[in-house]
Number of protein chains: 2
Amino acid sequence: MIEQFRNRFQLEASKFDAYAKCFNRIEVPAKTTLLNEGEISKRMFFIEKGCIREWFNNDGKDVTCQFFFEQEAVGSIESFKKNIPGLTTIETIEPSVLWWIHQEDALRVIEEIKDIPRLRDLFIDKIFERTFDYMKYFFSAIKDSPQERYLRLLAERPEVIRRVPQHYIASYMGISSVHLSRIKSKLSKR
Amino acid sequence: MIEQFRNRFQLEASKFDAYAKCFNRIEVPAKTTLLNEGEISKRMFFIEKGCIREWFNNDGKDVTCQFFFEQEAVGSIESFKKNIPGLTTIETIEPSVLWWIHQEDALRVIEEIKDIPRLRDLFIDKIFERTFDYMKYFFSAIKDSPQERYLRLLAERPEVIRRVPQHYIASYMGISSVHLSRIKSKLSKR
DNA sequence: ATAATTTGATAACAAATGTTATCGTCACCC
DNA sequence: GGGTGACGATAACATTTGTTATCAAATTAT
């Protein structure tokens, strides 16, 4: 994991090592809560192995708002800067191997990165990508039927379909698990 | 308009004037198409007065994806860097006074801005804000009923309700105009 | 191994939402 | 000032989606 980052960002060795010290490796079983509103000191996670979902409580029902897999960062910059949407809970779906960093360290690293043009541009691109993603999700939500959205998810993020329990996917799609089951059944009859 | 920007960004006079030269003022009637897939050279607009909607064609129906009002920028950075979602059309809803800039000029200004820490941070904050907005829209789409989303729109962006024709709002909410009419009627009966 | 829990499919019924059509009002154009 | 089209309300009916309940299979815990 560490080596991947070293290659990816090409920092000077001393600086990289300083950053690397901030990261802690943990292994956790499935259904482990990593972050919730109770916690005061926030953390950010990188997934070496496993799969995570982010969700929040809406009138007693959980609404899943995102899934994360290997090589992705969770508990990310957005929720660091503001708390949106309200406070979310992050928990593992599969047994996972994670690297975590304190929020303050992450923010400090980001501030330093902003002065290195190459990394700054990389950072800005990452934010843009995230913006595009959420634009896509939003547009898809208003223009596509649930069945179309399921097919889109299957095409664009097959990992989600393969690895995530179906009722979480239904919640993420904003439909009932019964309805998702019907969609699958209808599709399989072709 | 120009003076507002001068105050907002506090650039050196010479640089500011160079930028200012790139902007062109136009006045257009309602329902004017400002940008569509036919156009090769793209433009970006700032609204001095009026109101704009952005939409795209989805199987023969228009889907409205956003509304813009005074002091907002349209045809923005996102669609400059990538073309998402596909190509959108931008048209005025009300008679409007606009300032436009060539895409290339806008990109050049942005590149220069990245080296001025204060403006760079402003720029990054703007992108973040946009990301948060679309996250909120997406989450609201999966967790709230159409009626709740209407009330949210009324609370958070009353301008949209006041100034935009209802069938555009319905399209933006991803519901039929009949259904939106029913929601309003139901709410007014309380 | 057995029990308990989670997951997913299905049916029956209820509620929400879409579609099509009709009508009235209002603004705009000649 | 009469026509035209845009806008919005409403009704009737069709379709989609949610809810609740039940069952079976798979997974996990003891």
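**Contacts, burial and ring pairs: reasons for the labels**

Q: What makes the approach of Gln166(B) to DNA strand D a polar contact?
A: A polar atom in the side chain of Gln166(B) is placed 2.5 Å from a phosphate oxygen of DNA strand D. The limit for a pair of N or O atoms is 3.5 Å, so this pair qualifies. The model is predicted.

Q: Which atom of His167(B) comes close enough to DNA strand D to count as a polar contact?
A: An N or O atom in the side chain of His167(B) is 3.0 Å from a phosphate oxygen of DNA strand D. That distance is within 3.5 Å, and the pair is therefore a polar contact.

Q: How is the contact of Ser176(A) with DNA strand D made, through backbone or side chain?
A: The atom concerned is a backbone N or O of Ser176(A), 3.2 Å from a phosphate oxygen of DNA strand D. The value again falls within the 3.5 Å limit, so the contact stands.

Q: What makes a residue part of the surface near DNA strand D, and which are the closest?
A: One heavy atom of the residue must lie within 4 Å of the strand. The strand is surrounded by 17 residues, and the closest are His179(A), Arg182(A), Gln166(B), His167(B) and Ser181(B). H9(B) provides the largest share of this surface, five residues. By class the surface divides into five nonpolar, seven polar and five charged residues.

Q: Which part of DNA strand D supplies most of the atoms within 4 Å of the protein?
A: Sugar or phosphate accounts for 68% of those atoms, and bases for the rest.

Q: Why do Gln166(A), Ser181(A) and Ser176(B) count as polar contacts of DNA strand C?
A: A backbone N or O atom of Gln166(A) is 2.5 Å from a phosphate oxygen of the strand. For Ser181(A), an N or O atom of the side chain is 2.8 Å from a phosphate oxygen of DNA strand C. A backbone N or O atom of Ser176(B) lies 3.2 Å from a phosphate oxygen of DNA strand C. Each value is within 3.5 Å, so each pair meets the criterion.

Q: Which elements give two or more residues to the surface near DNA strand C?
A: They are helix H8 (166-173) and helix H9 (177-188) of chain A, together with helix H9 (177-188) of chain B. H9(A) gives the most, with five residues.

Q: Why is Thr88(A) called buried or exposed?
A: Its relative accessibility is 13%. Buried means under 20%, so Thr88(A) counts as buried. Thr88(A) is found in the loop between helix H3 (77-81) and strand S7 (89-92) of chain A.

Q: What makes the pairing of Thr88(A) with Glu54(A) a polar contact?
A: The two side chains approach to 2.8 Å. This is within the 3.5 Å limit, and the pair therefore counts. Beyond its neighbours within four places in sequence, Thr88(A) is in contact with residues including Glu54(A), Trp55(A) and Phe56(A).

Q: How many aromatic pairs are there over all chains?
A: The count comes to 23.

Q: Why is the pair of Phe138(A) and Phe139(A) called stacked, tilted or edge-to-face?
A: The ring centres are 5.7 Å apart and the planes form an angle of 45°. The distance is within 6.5 Å, and the angle is neither under 30 nor over 60 degrees, so the pair is tilted. Both residues are buried.

Q: What makes Phe138(A) and Tyr134(B) a tilted pair, and why does this pair join two chains?
A: Their ring centres are 6.1 Å apart, within the 6.5 Å limit, and the angle of 55° lies between 30 and 60 degrees, so the pair is tilted. Phe138(A) belongs to helix H5 (residues 117-143) of chain A and Tyr134(B) to helix H5 (residues 117-143) of chain B, so the pair joins two chains. Phe138(A) and Tyr134(B) are both buried.

Q: Which residues do ring pairs link into a cluster?
A: The cluster comprises Phe56(A), Phe67(A), Tyr134(A), Tyr137(A), Tyr172(A), Phe138(B) and Phe139(B).

Q: How do you know that Arg43(B) sits over the ring of Trp100(B), and where does Arg53(B) lie?
A: The charged end of Arg43(B) is 4.8 Å from the centre of the Trp100(B) ring. Arg53(B) lies over the face of Tyr168(B), 3.9 Å from the ring centre. Both distances are within 6 Å, as the criterion requires.

Conventions
Residues are numbered from 1 along each chain as its sequence is written. Chains are lettered from A and ligands numbered from 1 in the order in which they are written. This is a predicted model: local features need pLDDT of at least 70, side-chain atom pairs count only at pLDDT 80 or more; totals for chains, interfaces and linings use all residues. Side-chain values use heavy atoms; hydrogens and water are left out. A polar contact is a pair of N or O atoms within 3.5 Å; within protein, one must be able to donate a hydrogen and the other to accept it, and residues adjacent in sequence count only if both atoms are side-chain atoms. Helices (H or I, at least four residues) and strands (E, at least two) are DSSP runs, numbered from the N terminus. Buried means under 20% relative accessible area, exposed over 50%, partly exposed in between (1.4 Å probe, protein chains only). Contact means heavy atoms within 4.5 Å. Rings of Phe, Tyr and Trp (its six-membered ring) pair if their centres lie within 6.5 Å; planes under 30 degrees apart count as stacked, over 60 as edge-to-face and the rest as tilted. A charge sits over a ring if NZ of Lys or CZ of Arg is within 6 Å of the ring centre and within 35 degrees of the ring normal. Ala, Val, Leu, Ile, Met, Phe, Trp, Tyr, Cys and Pro count as nonpolar, Asp, Glu, Lys and Arg as charged, and the others, Gly among them, as polar.
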